[in-house]
Each structure stands twice: as structure tokens, then as C-alpha cells.
Amino acid sequence: MKKFIQLAIAEAERGLRNGDGGPFGAVIVRAGKIVACVHNEVVKNSDPTAHAEIVAIRAAARKLKKFDLSDCEIYSTCEPCPMCLAAILWARIPRLFFGATRDDAAKIGFDDAKIYDFLAGKISKIPLAKKQVARRECLAPFAKWANLKSKIKY
């Protein structure tokens with residue numbers, strides 16, 4: 001366990017040296033072998049979703065040629081943000097090991113408190129204007145999916 005979190009830390013340091021993004025690294029392991037070892041690439045890729053855990057999940061899924069990572073575990077230098085936690089759950093990764101907490105991250109400018117508060121129902125407003133449009137038209141592909149014989153469920 002310590003070996004993998006150390007690799008995540010080293011990867012976070014590499015990302016910082018390269019100027020790729022924040023101080024975050026992640027490692028995905030399957031049967032004791034490293035599948036992905038990456039760092040945050042938000043700045044490098046101009047991609048707000050390129051958090052270390054997301055980059056790791058994408059790399060692992062690509063390498064293993066599957067989207068169900070239920071036979072893997074993830075090591076992260078920090079407690080995952082809500083987006084990354086959701087991605088870990090979507091990937092069905094059953095074990096998460098992390099170092100720093102979200103409070104530690106908030107102290108250096110990575111504060112997700114409002115998102116957590118919104119998800120917990122503590123606040124009802126977020127800075128996002130939402131309006132439902134074209135529901136009937138958008139349901140057409142849903143109906144096709146429901147009847148698709150060759151679909152792969154995920």
C-alpha cells in the first residue's frame with residue numbers, strides 16, 4: 001500500500017515540475033500491478049476535468065480495454081473531489097486510498113466545499129442557470145437505446 005501512495009506522490013511532484021496542474025497524483029492497481037500512474041493535467045490540457053483520478057481512470061480503462069474497473073484499486077494523494085469520487089464510483093473501483101484531505105486541499109486554494117454542500121442539500125443555489133428544453137426530442141435516442149439488441153450495459 002505504501003509503495004503505491006509513494007508513487008502517487010512522486011507523480012504529483014513530476015506534474016508540479018512540468019507545470020501540468022495542481023499537486024495531485026493517482027495510481028490505479030490491479031492484482032498488485034500498476035495499471036496507471038499519472039498526475040493532474042488540468043493546465044497541460046486546458047481541461048478542467050483532467051484531475052489525477054480522472055486521468056488515471058481513463059488511462060487504466062484504455063490499457064485494460066474495459067470500463068468496469070471493479071478488480072482495481074486507486075491511490076490518490078488527496079481525498080477526491082466530488083467529480084473524481086463520482087468517476088471512481090462509475091468505474092466501480094471498490095477501494096480508494098488517499099493521503100491529504102479535502103480540508104488540506106482547501107487550505108491551498110482547491111476548495112470544493114460549495115459542491116459538497118450542494119450535494120448534501122445544505123445549500124440550494126449554485127451558480128448554474130438550468131432550464132429543461134426539447135425533452136421529447138431528447139427521449140428519441142433513449143427509446144432507441146432501450147430497444148437496441150446489441151447494447152453493452154454499463
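User: Which residues line the second largest pocket?

Analyst: The second largest pocket is lined by Ile54, Ile57, Arg58, Ala61, Phe67, Ala87, Trp90 and Ala91. A pocket here is an open set of points on a 1 Å grid over the protein atoms alone, where a 1.4 Å probe fits and protein lies on both sides within 12 Å along at least five of seven lines; lining residues have an atom within 4 Å of a point. The model is predicted, so local features need pLDDT of at least 70 and side-chain atom pairs pLDDT 80 or more, while totals for chains, interfaces and linings use all residues. Residues are numbered from 1 along each chain as its sequence is written, and side-chain values use heavy atoms, without hydrogens or water.

User: Which elements give two or more residues to that lining?

Analyst: Helix 3 and helix 4 (82-90) do so, and helix 3 gives the most, with four residues. Helices (H or I, at least four residues) and strands (E, at least two) are DSSP runs, numbered from the N terminus.

User: How much space lies in the second largest pocket, and what is the volume of the largest?

Analyst: The second largest pocket holds about 160 Å³, and the largest has a volume of about 250 Å³. Of the 20 residues that line the largest pocket, Phe24, His51, Cys81, Phe110 and Asp112 are the closest to its centre. Volume is the space filled by probe spheres set on the grid points, which are joined across faces, edges and corners.

User: Back to helix 3. Which of its residues are buried?

Analyst: Ala52, Glu53, Ile54, Val55, Ala56, Ile57, Ala59, Ala60 and Leu64 are buried, that is, under 20% relative accessible area with a 1.4 Å probe, protein chains only (exposed is over 50%, partly exposed in between).

User: What do they pack against?

Analyst: The buried residues of helix 3 pack against strand 1 (25-30), strand 2 (33-39), strand 3 (72-78) and helix 4. Just after helix 3, lysine 65 takes a positive phi of about 55°.

User: Why is helix 7 said to lie largely in the open?

Analyst: Of the 13 residues of helix 7, the number buried is zero, so helix 7 lies largely in the open.

User: New topic: where is isoleucine 93?

Analyst: Isoleucine 93 sits in the loop between helix 4 and strand 4 (95-100). Isoleucine 93 counts as buried because its relative accessibility is 7%.

User: What is it in contact with?

Analyst: Leaving aside neighbours within four places in sequence, isoleucine 93 is in contact (heavy atoms within 4.5 Å) with Ile28, Ile57, Leu69, Cys72, Glu73, Ile74 and Ile88.
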